[in-house]
Amino acid sequence: MSLTYNRRSYSDEVLVELYKEILYPRMIEEKMLILLRQGKISKWFSGIGQEAIAAGVSYTLEEDEYVLPLHRNLGVFTGRKIPFNQLFAQWQGKKSGFTKGRDRSFHFGTNEYHIVGMISHLGAMLGVADGIALAHKLKNEKKIALVFSGDGGASEGDFHEAINTAAVWDLPVIFLIENNGYGLSTPSSEQFKCKQFIDKAIGYGIEGFQVDGNNILEVHDVLSKLSKSMRENPRPVILECMTFRMRGHEEASGTKYVPQELFDEWGKKDPVENYEKYLLSINLLNEDLIKQIKTDFKSEIEKGLEDVFNQEEITANTEEEINDVYATYNFIETLPETENKSNKRFIDAISDGLKLAMRKHDNLILMGQDIAEYGGAFKVTKGFVEEFGKARVRNTPLCESAIIGAAYGLSIKNFKSMVEMQFADFVSCGFNQIVNNLAKSHYRWGQNADVVVRMPTGAGVAAGPFHSQSNEAWFFHTPGLKVVYPSSPSDAKGLLLASFEDPNPVMFFEHKVLYRSIEEEVFDDYYTIEIGKAKTVKEGNEVSIITYGSGVHWALDYCKNKGIDADIVDLRTLLPWDKTAVLDSVKKTGKALVLHEDTLSGGIGAEIAAFIADKAFKYLDAPVKRVGSLDTPVPFAKNLEDNFLAKNYLGKELEELLNF
Ligand SMILES: Cc1ncc(C[n+]2csc(CCOP(=O)(O)OP(=O)(O)O)c2C)c(N)n1
């Protein structure tokens, strides 16, 4: 025996149970390696040698405490008692798996077992754990969340953002680092410079603990002490588990880059063999008992395999595939209770809508930089802290990714949330969370992301390339998101309130130039406007102008000045966009121009123009025109910016179309 076990006050029963907890995943894995060689499964990420960590986690945490494991943590899943056939069905892409064949291996979540599985992007689940822990804290549930990271994954920016946020907000998260010496093939010496990860805890102002990750009793002991204490006194900790990966990153990638001495050294510390020997030495196990336990597990594994191999291969049902992209939601329009109206600027309407949403949904949490006492960069949330308190109106550290991840975590715990980007431009720093976590979650495992990301967007304020971008096309291309982009105060309020009712992730664009430049009479009461429905803002017969945001105002002004009889369609929602409204208009006028502030190439106009050409060709009297801004970054100096903007090109293109 190379490991030393301290049995403390563990009962005989617990000691034997822990043996089963590490043995079962080992046996499953050994079987998978055989199946892989037989060509019966396609890929395997092995956790052999690391079982004590995952098994220790599942055994120690309470059943309803969320664990966010990675690709080598089979023991988390078996420890939570997920039937093997269900796991194997998931790995084999069968319909009865957790993702209906849509995602592979351990990439799934299950609320029944309180596991949120990884996406491929390492680091992406760390912020999600923050959100789950925040929900525990807000509800005073005295629960913790535990999220895994590899030593390689700890180099991702998400690692820093998530731990820093958890530290500042005192969130009960165990950040468990499995330090197994390698990334894919990259050794620790080329991955990080610090001696050990617990040293990083000092920098975050939190505690760090290191444990022999191969010793199940040490892992269990430290986890149980920590979890007990963190439930009472919520705070994050770093738990570094020292271990070693005994096989390749995945089976096909080999282990040539690992020196044999390391295998020899760590082979002696095998977590299963050592523990078995220990239990034999204290007479809690004997050869007969071991045989019995193994026979039981073997038969469970064989039964599961047979069941799944007998299940039919999945067949595609396109309707079901499309339907599962979004969480089902039946919009029911709410009309204002009274006729009371008041003059509101665009920004006032947004602020009013947000306030009414906070009053209606007491599970709605607002997060953003400087949004609390300061009221946000544009003052949308001014006065909110006084009414709703700091728990619900949260200043965040400067970290878009962790906060959007946390928003997703909140939604797993049935909260709604809003994340304010200080400027839409900064969403690039949270892009991964939006397009890979929020957008794909419902399709992958049926978990909706009830999150609204508010995005002050657009140019015309002489703010240069990084405070002026139109980036709606980035999200328009991502199945699973909704993209809303109002152009008037009334629409802004009604659409914002509808966005908070919708359980799906909504990217809500607010044009900065419109904030304080337009105003109108807006209903004072709560009301909603259906997402996905365009509005004809001016009826006409000569030409259809399909546009949104500031384009609506450019088109209205131009047509008014020149007396053009245009039908102007304000899309209001870009994803899903209102194809019927567009077709109806084009069929009426026979000419179409799509206008947007975003740069021309690859802009939303390209999609709409292609759609019109395809579906309404026979109604057209001229080719479909697109007008967008110049294909350059947004320049700073006013003359350059004016020259950049699509507004500058609208007249010429429109006249050309009218004269065609
Ligand atoms: C963001 C991101 N970049 C690259 C990869 C490809 N990749 C998959 S696993 C891996 C190494 C992971 O090493 P570590 O985090 O130490 O975990 P281990 O596999 O050792 O458990 C890499 C580079 C990825 N999955 N995600």
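## Residues with positive phi

Asn 283 counts as exposed, at 67% relative accessibility; the cut-off for that class is over 50%. In this predicted model, Asn 283 sits in the loop that runs between helix 10 (271–281) and helix 11 (287–310). Its phi is near 60°, a positive value in a residue other than glycine.

Lys 100 also has a positive phi, near 50°, and is likewise not a glycine. The loop that holds Lys 100 lies between helix 4 (84–91) and strand 2 (109–110). With a relative accessible area of 31%, Lys 100 is partly exposed, because that class covers values between 20% and 50%. Most residues other than glycine have a negative phi, and most peptide bonds are trans.

## A cis peptide bond

The peptide bond from Leu 575 to Pro 576 is cis, and its omega is near -5°. Pro 576 belongs to the loop between strand 19 (573–575) and helix 22 (579–589). On the other side of this bond, Leu 575 is in strand 19, where it is the bridge partner of Val 483.

## The seven-stranded sheet

Strand 19 is part of an open sheet of seven strands, in the order 10-9-11-12-14-13-19 and with mixed pairing. Strand 10 (393–395) and strand 19 stand at the edges; each has a single partner strand, so one side of each lacks a neighbour in the sheet. From one strand to the next, the twist averages 20°.

Strand 13 (residues 482–484) and strand 19 run antiparallel and are joined by two bridges. Two strands pair if at least two bridges are found between them, and the two bridges here meet that cut-off.

## Helix 8

Helix 8 covers residues 216–232, which makes 17 residues. At 1.5 Å a residue the helix should span 24 Å, and its end C-alpha atoms are 24 Å apart, which agrees.

Of the 17 residues, 12 are buried, so helix 8 is largely enclosed by the rest of the structure. Among the buried residues are Ile 216, Leu 217, Val 219, Val 222, Leu 223, Leu 226 and Met 230. The buried set also includes His 220, Asp 221, Ser 224, Ser 227 and Arg 231.

The N-terminal end of helix 8 is capped by Asn 215. A side-chain oxygen of Asn 215 lies 3.1 Å from the backbone nitrogen of Leu 217, one of the buried residues of the helix. That distance falls within the 3.5 Å cut-off for a polar contact.

Key. Residues are numbered from 1 along each chain as its sequence is written. This is a predicted model: local features need pLDDT of at least 70, side-chain atom pairs count only at pLDDT 80 or more; totals for chains, interfaces and linings use all residues. Side-chain values use heavy atoms; hydrogens and water are left out. Helices (H or I, at least four residues) and strands (E, at least two) are DSSP runs, numbered from the N terminus. The expected span of a helix is 1.5 Å times one less than its number of residues. Buried means under 20% relative accessible area, exposed over 50%, partly exposed in between (1.4 Å probe, protein chains only). A polar contact is a pair of N or O atoms within 3.5 Å; within protein, one must be able to donate a hydrogen and the other to accept it, and residues adjacent in sequence count only if both atoms are side-chain atoms. Axes are lines fitted to C-alpha atoms, for helices over the stretch in contact, and angles run from 0 to 180 degrees between N-to-C directions.
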